[in-house]
Amino acid sequence: MSEDKSLCMVEAINLALHRAMQDDPDVVVLGEDVAGNGGVFRATVGLHERFGFRRVMDTPLAETLIAGISVGMAAQGLKPVAEIQFMGFIYAGMEQLISHASRLRSRTRSRLSCPMVVRTPHGAGIHAPEHHGESTEALFAHIPGLRVVIPSSPRRAYGLLLAAIADPDPVIFLEPTRLYRSVQQRVPDDGKALPLDSCFTLREGQDLTLISWGAALKETLEAAALLAEQGVDAEVIDVACLKPLDSQTLIASVSKTGHCVIVHEAARSYGPGAEIAALLQEHAWQALRAPILRVTGLDCVIPYARQELAYLPDVQSICQAARAVMNGEQL
């Protein structure tokens, strides 16, 4: 892929992996089918031809093994980038991620760190079977010692993945499956990482703050454009890094607009939106002119393909919540 080429998200991720492995011989890639087949979504295509099987390793279908061996590699100076084929398969590896990866620095009083990245497709909307459309980012955001990053565009996927690989501590890197090939951007292969722990303001506004991340940003931006036609000037913020959270950007935006709607695919109860709403209530309550509302996935198992769209937040529901907030109403 040539420099500054128009890429979809999965191609931008592939480009970042090539760049990271080129620049740092300690970076290794492992996971199911990542070498011979280039990954289930082709995110690792071409890596083993260029860097060899010693740095690009196929593993058995064993997520506990993938997570555990990554911790061991990271503790001994390598920088593993592990792929879990779908987020619904990551649960088998949670023992290693929670009990070891997240605690290694604390356990050893910083004698050891754990510079590893776990990449996995995230979210619904591709008509996949059970366990292939999970949005359980809150599970990992709750764990001290783990970073949780969710890009929402090809350019941010490139820059944030480079930053995640360079980070000295473990990062859960969630890739919105619905955005893998739906959007293209010019992505310069300049090796420049984007800052972690930072939100991105995608649209400036004065009346309302719309907060989202991952694939739900597509509908959020479309809703903001529709609201603008109706006279509501909405600011759109991409959280990008759920943990640690860039609270300053969120508080500043809501302090300016006085109104807020939070949009996410994850189930409503105990979802990340509740944490963000609590944060804003504590630190921006004097500026709030109406209750904060959430537009989320439902409190149910993500349905199969036929009913999948009924589960996901849509433009209409976001606009409805925005109008309710602007009118000081509850949904």
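**Exercise 1.** Which residues does Pro-303 touch, not counting residues up to four places away in sequence? Place Pro-303 in the chain as well.

*Solution.* Step 1: Pro-303 touches Glu-308 and Tyr-311, where contact means heavy atoms within 4.5 Å. Step 2: Pro-303 sits in the loop between E14 and helix H11 (308-311). Helices (H or I, at least four residues) and strands (E, at least two) are DSSP runs, numbered from the N terminus. Step 3: Leu-47 is 256 residues away from Pro-303 along the chain, and their C-alpha atoms are separated by 35 Å.

The model is predicted: local features need pLDDT of at least 70, side-chain atom pairs count only at pLDDT 80 or more, and totals for chains, interfaces and linings use all residues. Residues are numbered from 1 along each chain as its sequence is written, and side-chain values use heavy atoms, with hydrogens and water left out.

**Exercise 2.** Describe the sheet that contains E10 and E13, and place helix H10 against it.

*Solution.* Step 1: the order of the five strands is E9-E11-E10-E13-E14, in an open sheet with mixed pairing. Two strands pair if DSSP finds at least two bridges between them. Step 2: at the edges are strand E9 (200-203) and strand E14 (293-297), each of which pairs on one side only. Step 3: from one strand to the next, the twist averages 25 degrees. Step 4: strand E10 (residues 208-212) pairs with strand E13 (residues 260-267) over three bridges, in the parallel sense. Within this pair, Leu-210 stands opposite Val-261 in E13. Step 5: helix H10 (residues 272-283) lies across E10, E13 and E14 and runs at about 155 degrees to E13. Axes are lines fitted to C-alpha atoms, for helices over the stretch in contact, and angles run from 0 to 180 degrees between N-to-C directions.

**Exercise 3.** What lines the largest pocket, and which element gives the largest share of the lining?

*Solution.* Step 1: the volume of the largest pocket is about 360 Å³. On a 1 Å grid over the protein atoms alone, a pocket is an open set of points with protein on both sides within 12 Å along at least five of seven lines, whereas a cavity is a set where a 1.4 Å probe fits but cannot get out; lining residues have an atom within 4 Å of a point. Grid points are joined across faces, edges and corners, and a volume is the space filled by probe spheres set on the points. Step 2: 14 residues line the largest pocket, and Ala-141, His-142, Leu-242, Pro-272 and Glu-275 are the closest to its centre. Step 3: helix H6 (137-141), strand E12 (241-243) and H10 each give two or more residues to this lining. H10 supplies the largest share, five residues.

**Exercise 4.** How do the residues lining the second largest pocket divide by class?

*Solution.* Step 1: the second largest pocket holds about 280 Å³ of space. Step 2: its lining has 16 residues, with Glu-134, Ser-135, Thr-136, Ala-266 and Ala-267 nearest the centre. H6 and E13 are the elements that give two or more residues to the lining. Step 3: the classes are nine nonpolar, five polar and two charged. Here Ala, Val, Leu, Ile, Met, Phe, Trp, Tyr, Cys and Pro count as nonpolar, Asp, Glu, Lys and Arg as charged, and the others, Gly among them, as polar.

**Exercise 5.** How many cavities of 30 Å³ or more are there?

*Solution.* Step 1: the count is three. Step 2: the largest cavity contains about 80 Å³ of space. Step 3: residues lining the largest cavity include Glu-134, Pro-303 and Glu-308.
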